[in-house]
Amino acid sequence: TTRGRIGAFVTDLWVSDAMRGQGLGPRLLAAVRNAAAAQWGPGFLRLMVYDDNPRAVGFYERIGFRSNPHENWMTLEGQALEALKA
């Protein structure tokens, strides 16, 4: 990777309103970190958060996640994804 070390990528982390504020988010991320550490020792965790969700952005920032304006997540899906198989 461009970071010179392997990482763990978290996708689709979501906690229901009823469970928020109970420490579940940090525990889920710790479980990812610990499982990855046991298997390959990642140098970082990465995830994507929607910028129109300031509550989630704030949560991740409080934990210590930082955005990088030089990175851009891109998605391939639908017909374009199917066309790639050829």
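Here are four short exercises on the aromatic and nonpolar residues of this predicted model.

**Exercise 1: the core**

Work out which residues make up the largest nonpolar core, and which element gives the largest share of it.

*Solution.* Start with the members: Val10, Leu29, Leu47, Ala56, Phe59, Tyr60 and Phe65, seven residues in total. Next, look at where they come from: α2 supplies three residues, the largest share of this core. Now zoom in on Leu47. Leaving out residues up to four places away in sequence, Leu47 touches Val10, Leu29, Tyr60 and Phe65, plus Trp73. As background, nonpolar side chains in soluble globular proteins tend to be buried together.

**Exercise 2: aromatic pairs**

Find how many aromatic pairs there are, then describe the one between Phe9 and Phe44.

*Solution.* The count comes to three aromatic pairs. Take Phe9 and Phe44: their ring centres sit 6.1 Å apart and the planes are at 85°. An angle over 60 degrees counts as edge-to-face, and that's the label for this pair. Now place the partners: Phe9 is in strand β1 (residues 7–10) and Phe44 is in strand β2, so the pair ties together parts that are 35 residues apart in sequence. Then check burial. Phe44 has 12% relative accessibility, so it counts as buried; Phe9 has a relative accessible area of 48%, so it is partly exposed.

Phe59 and Tyr60 give you another edge-to-face pair, at 5.0 Å centre to centre with 65° between the planes. Both Phe59 and Tyr60 are buried. To finish, add Phe65: Phe59, Tyr60 and Phe65 form one aromatic cluster.

**Exercise 3: a patch on the surface**

Say which residues form the nonpolar patch on the surface, and where Trp73 is placed.

*Solution.* The patch consists of Phe9, Met48, Tyr50 and Trp73, and together they have about 470 Å² of accessible area. Trp73 is found in the loop between α2 (54–63) and α3 (78–84). With a relative accessible area of 41%, Trp73 is partly exposed. Remember that Trp73 is also one of the residues Leu47 touches.

**Exercise 4: Trp40**

Locate Trp40 and list what it touches.

*Solution.* First, the place: Trp40 lies in the loop between α1 (24–39) and β2 (44–47). Second, the exposure: a relative accessible area of 40% makes Trp40 partly exposed. Third, the contacts: not counting residues up to four places away in sequence, Trp40 touches Ile6, Gly7 and Ala8. Last, a distance check: Trp40 and Ser67 are 27 residues apart in sequence, and 24 Å separates their C-alpha atoms.

Notes
Residues numbered from 1 in each chain as written. Predicted model: local features only at pLDDT ≥ 70, side-chain atom pairs only at ≥ 80, totals over all residues. Heavy atoms only, no water. Patch = residues over 30% accessible without salt bridge, like charges linked within 9 Å, V, L, I, M, F, W, Y side chains within 5 Å. Areas by Shrake-Rupley, 256 points an atom, 1.4 Å probe, with all protein chains shown as cover. Salt bridge = Lys/Arg side-chain N within 4 Å of Asp/Glu carboxyl O. Helix = DSSP H or I, 4+ residues; strand = E, 2+ residues; numbered from the N terminus. Buried < 20%, exposed > 50% of the residue type's maximum accessible area, 1.4 Å probe, protein only. Core = buried A, V, L, I, M, F, W, Y, C linked by side-chain atoms within 4.5 Å. Contact = heavy atoms within 4.5 Å. Phe/Tyr/Trp six-rings, centres within 6.5 Å; stacked < 30°, edge-to-face > 60°.
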